[in-house]
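Q: Hi! I have a structure open and would like some help finding my way around. Could we go through it together?
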Amino acid sequence: MKNISIAYLVLVIVISLSTNPSLNAQENDQLSQGQTVYVPAYSHIYSGNREMPSLLAVTLSIRNTDLNHPIEILSVNYYETQGKLLKKLVSSPLIMNALGTERYIIPQKDKTGGSGANFIVQWRAQKPVNTPIIEAIMIGSRVSFTSRGQTIIPSE
């Protein structure tokens with residue numbers, strides 16, 4: 001009787017996992033025709049009791065995760081801690097092929113962004129596609145870390 005109960009419990013778990021839409025890799029809400037994405041970045045961080053700044057190189061990485069369709073990068077803007085626009089990194093729309101990657105680098109010596117720097121990335125696609133991975137990678141002499149973008153305006 002105990003073996004039947006365990007087998008029944010395993011069967012219930014397997015069925016519930018396979019039919020739970022939130023666990024499927026390709027949900028409809030992960031498809032989009034465009035977004036505006038906020039990506040935290042840090043041109044420097046503070047460490048120690050004296051809060052000594054450590055300068056960081058920042059790489060913004062945009063990865064088209066769709067297997068079949070291109071996306072178009074409309075704008076990539078870099079802002080400083082107080083929200084002032086520092087740089088427009090895309091001068092005209094850029095087509096990224098399926099599975100393509102673009103990168104934008106803020107050099108380690110450029111500390112104008114501050115500890116609260118960020119990027120705003122706008123992209124679109126002709127048809128619903130997998131949403132791209134947009135993240136910043138910060139690297140210094142003693143530390144490295146990443147931050148993932150967050151959609152602030154979904155496609156309409």
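Q: Which residues touch the most other members in the largest nonpolar core?
A: Happy to help, and keep in mind that this is a predicted model. The largest nonpolar core has 24 residues, and those touching the most other members are Leu60, Ile62, Ile73, Val76, Phe119, Trp123 and Ile134.

Q: Which elements give two or more residues to this core?
A: They are strands E1 (31-40), E4 (57-63), E5, E8 (101-106), E9 and E10 (133-139). E9 gives the most, with five residues.

Q: Let's look at E5, then. How many of its residues are buried?
A: Eight of the nine are buried, so to speak, and the strand, residues 71-79, is mostly covered.

Q: And which strand does E5 join through seven bridges?
A: That is E9, residues 118-130, and the two run antiparallel. Ile73 has Trp123 as its bridge partner in E9.

Q: What is the bridge partner of Ile73 in E7?
A: In E7 it is Leu94. E5 and E7 (residues 94-96) are joined by three bridges and run antiparallel.

Q: How many bridges are there between E5 and E6?
A: Three, again in the antiparallel sense, with E6 covering residues 85-88. Asn77 has Lys88 as its bridge partner there. The hairpin of E5 and E6 has five residues between the strands, and Gly83 takes a positive phi near 95° in this hairpin.

Q: Where else is there a glycine with a positive phi in a hairpin?
A: Look at the hairpin of E2 and E3: Gly48 has a positive phi near 80°, and four residues lie between the strands. E2 (residues 44-47) and E3 (residues 52-55) run antiparallel and are joined by four bridges. Across from Ile45 you will find Ser54 in E3.

Q: What actually holds paired strands together?
A: In a sheet, strands pair through backbone hydrogen bonds, and they can be parallel or antiparallel.

Q: New topic: aromatics. How many aromatic pairs does the structure hold?
A: Two. In one of them, the rings of Tyr78 and Phe119 have centres 4.9 Å apart.

Q: Why is that pair called tilted?
A: Because the planes of the Tyr78 and Phe119 rings are at 35°, and a pair counts as tilted when that angle is neither under 30 degrees nor over 60. The pair links distant parts of the chain, with Tyr78 in E5 and Phe119 in E9, 41 residues apart.

Q: Is Tyr78 buried or exposed?
A: Buried: its relative accessible area is 0%, and the cut-off for buried is under 20%. Phe119 is buried too, at 0% relative accessibility.

Q: What is Phe119 in contact with, leaving aside its neighbours within four places in sequence?
A: Its contacts include Val37, Tyr38 and Val39, as well as Leu60, Val76, Tyr78 and Ile106.

Q: One last thing. In what order do the four strands of the open sheet come?
A: The order is E8-E4-E10-E11, with antiparallel pairing. On average, neighbouring strands in this sheet are turned by 20° against each other, direction ignored.

Q: Why is one side of E8 left without a neighbour in the sheet?
A: Because E8 stands at an edge with a single partner strand, and the same goes for E11 (144-148).

Q: How many bridges do E10 and E11 pair over?
A: Five, in the antiparallel sense. For example, Glu135 has Arg148 as its bridge partner in E11.

Key. Residues are numbered from 1 along each chain as its sequence is written. This is a predicted model: local features need pLDDT of at least 70, side-chain atom pairs count only at pLDDT 80 or more; totals for chains, interfaces and linings use all residues. Side-chain values use heavy atoms; hydrogens and water are left out. Two strands pair if DSSP finds at least two bridges between them. Buried means under 20% relative accessible area, exposed over 50%, partly exposed in between (1.4 Å probe, protein chains only). Rings of Phe, Tyr and Trp (its six-membered ring) pair if their centres lie within 6.5 Å; planes under 30 degrees apart count as stacked, over 60 as edge-to-face and the rest as tilted. A nonpolar core is a set of buried Ala, Val, Leu, Ile, Met, Phe, Trp, Tyr and Cys residues joined through side-chain atoms within 4.5 Å. Contact means heavy atoms within 4.5 Å. Axes are lines fitted to C-alpha atoms, for helices over the stretch in contact, and angles run from 0 to 180 degrees between N-to-C directions.
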